[in-house]
Amino acid sequence: MFERFTKSARAVVKGAVEHAERGGATAVTEEHLLLALLDREESRAAGALRTLCPSDRRPSLAADLADARRRAGLSRADAEALADLGIDVGAIVARVEETHGAGALAGDRRDTGRRSGRRPFSREAKSILEKSLRMALARKDREIGDEHILLALTSTGGVVAEVLADHGVSYASVDTTLSGAPTG
């Protein structure tokens with residue numbers, strides 16, 4: 001499948017691996033794919049993101065991702081469902097961090113093992129890449145571009161899609177923006 005990726009899409013995948021390595025994550029996740037997309041400057045996805053989430057709103061988006069990571073990746077809907085059962089996720093996170101340190105539930109423990117080779121992609125990140133292929137095929141595109149990765153991230157659900165939607169980046173808005181965006 002990787003041979004069908006455009007230069008921009010390959011750069012996103014490589015950038016996601018770099019984000020995972022810099023953060024000491026044991027696997028490349030959906031969040032790393034999004035962070036790599038946000039790094040891009042001259043591509044279809046970069047243009048759509050610039051339009052929908054201008055650079056002055058990016059720190060807020062990054063903060064929301066970090067907050068979700070602190071909640072062990074629970075989406076807002078998950079936290080609300082638990083609240084309905086009388087479980088205060090915020091209080092649990094605070095208590096765990098009080099005992100074990102900030103970010104204890106984040107799941108991004110430093111990789112201290114003797115790793116050789118490449119970082120694996122999480123099941124969810126693999127699913128995004130597979131979905132980007134399906135997006136490209138559905139659009140009758142010959143190659144998988146970074147815009148297909150962005151579309152896949154917005155259509156999957158979960159924390160990354162929720163954070164993007166909170167910042168005005170939904171599947172519908174990306175699709176509409178890409179329809180008028182020049183190829184890059």
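Lysine 140 sits in the loop that links helix H7 (123-138) to helix H8 (146-155). In this predicted model, the phi angle of lysine 140 is near 60 degrees, a positive value in a residue other than glycine. Lysine 140 has a relative accessible area of 73%, so it counts as exposed, the cut-off being over 50%.

The two helices on either side of that loop belong to a protein with 10 helices and zero strands. Read from the N terminus, the order of elements is α-α-α-α-α-α-α-α-α-α. The protein has 184 residues, and 42% of them count as buried. About 10200 Å² of the protein is exposed, with carbon and sulfur atoms supplying 50% of that area. Among contacts between residues at least 6 apart in sequence, 66% join residues at least 24 apart.

Helix H1 is a useful place to go next. Helix H1 covers residues 7-23, which makes 17 residues. At 1.5 Å a residue these should span 24 Å, and the end C-alpha atoms are 24 Å apart, so the expected and modelled values agree. After H1 comes glycine 24, with a positive phi near 70 degrees.

Which residues of H1 are buried? They are Ser8, Ala9, Val12, Val13, Gly15, Ala16, Val17, His19 and Ala20. These buried residues pack against helix H2 (30-39), H7 and H8. Histidine 19, which lies in helix H1, has a relative accessibility of 16%; this is under 20%, and therefore histidine 19 counts as buried. Leaving out residues up to four places away in sequence, histidine 19 touches His32, Leu35, Ala36 and Asp39.

The next topic is the nonpolar core. In soluble globular proteins, nonpolar side chains tend to be buried together. Here the largest nonpolar core has 42 residues, and Ile149 and Leu153 are those with the most contacts inside it. At least two residues of this core come from each of H1, H2, helix H3 (44-52), helix H4 (58-70), H7, H8, helix H9 (159-166) and helix H10 (171-180).

What does isoleucine 149 contact, apart from its neighbours within four places in sequence? The residues are Phe5, Ala9, Val12, Leu37, Ile128, Leu129 and Ser132. Two of these, Ala9 and Val12, are also among the buried residues of H1.

Terms used. Residues are numbered from 1 along each chain as its sequence is written. This is a predicted model: local features need pLDDT of at least 70, side-chain atom pairs count only at pLDDT 80 or more; totals for chains, interfaces and linings use all residues. Side-chain values use heavy atoms; hydrogens and water are left out. Helices (H or I, at least four residues) and strands (E, at least two) are DSSP runs, numbered from the N terminus. Buried means under 20% relative accessible area, exposed over 50%, partly exposed in between (1.4 Å probe, protein chains only). Contact means heavy atoms within 4.5 Å. Accessible areas come from the Shrake-Rupley method with a 1.4 Å probe; for residues, only the protein chains shown count as cover. The expected span of a helix is 1.5 Å times one less than its number of residues. A nonpolar core is a set of buried Ala, Val, Leu, Ile, Met, Phe, Trp, Tyr and Cys residues joined through side-chain atoms within 4.5 Å.
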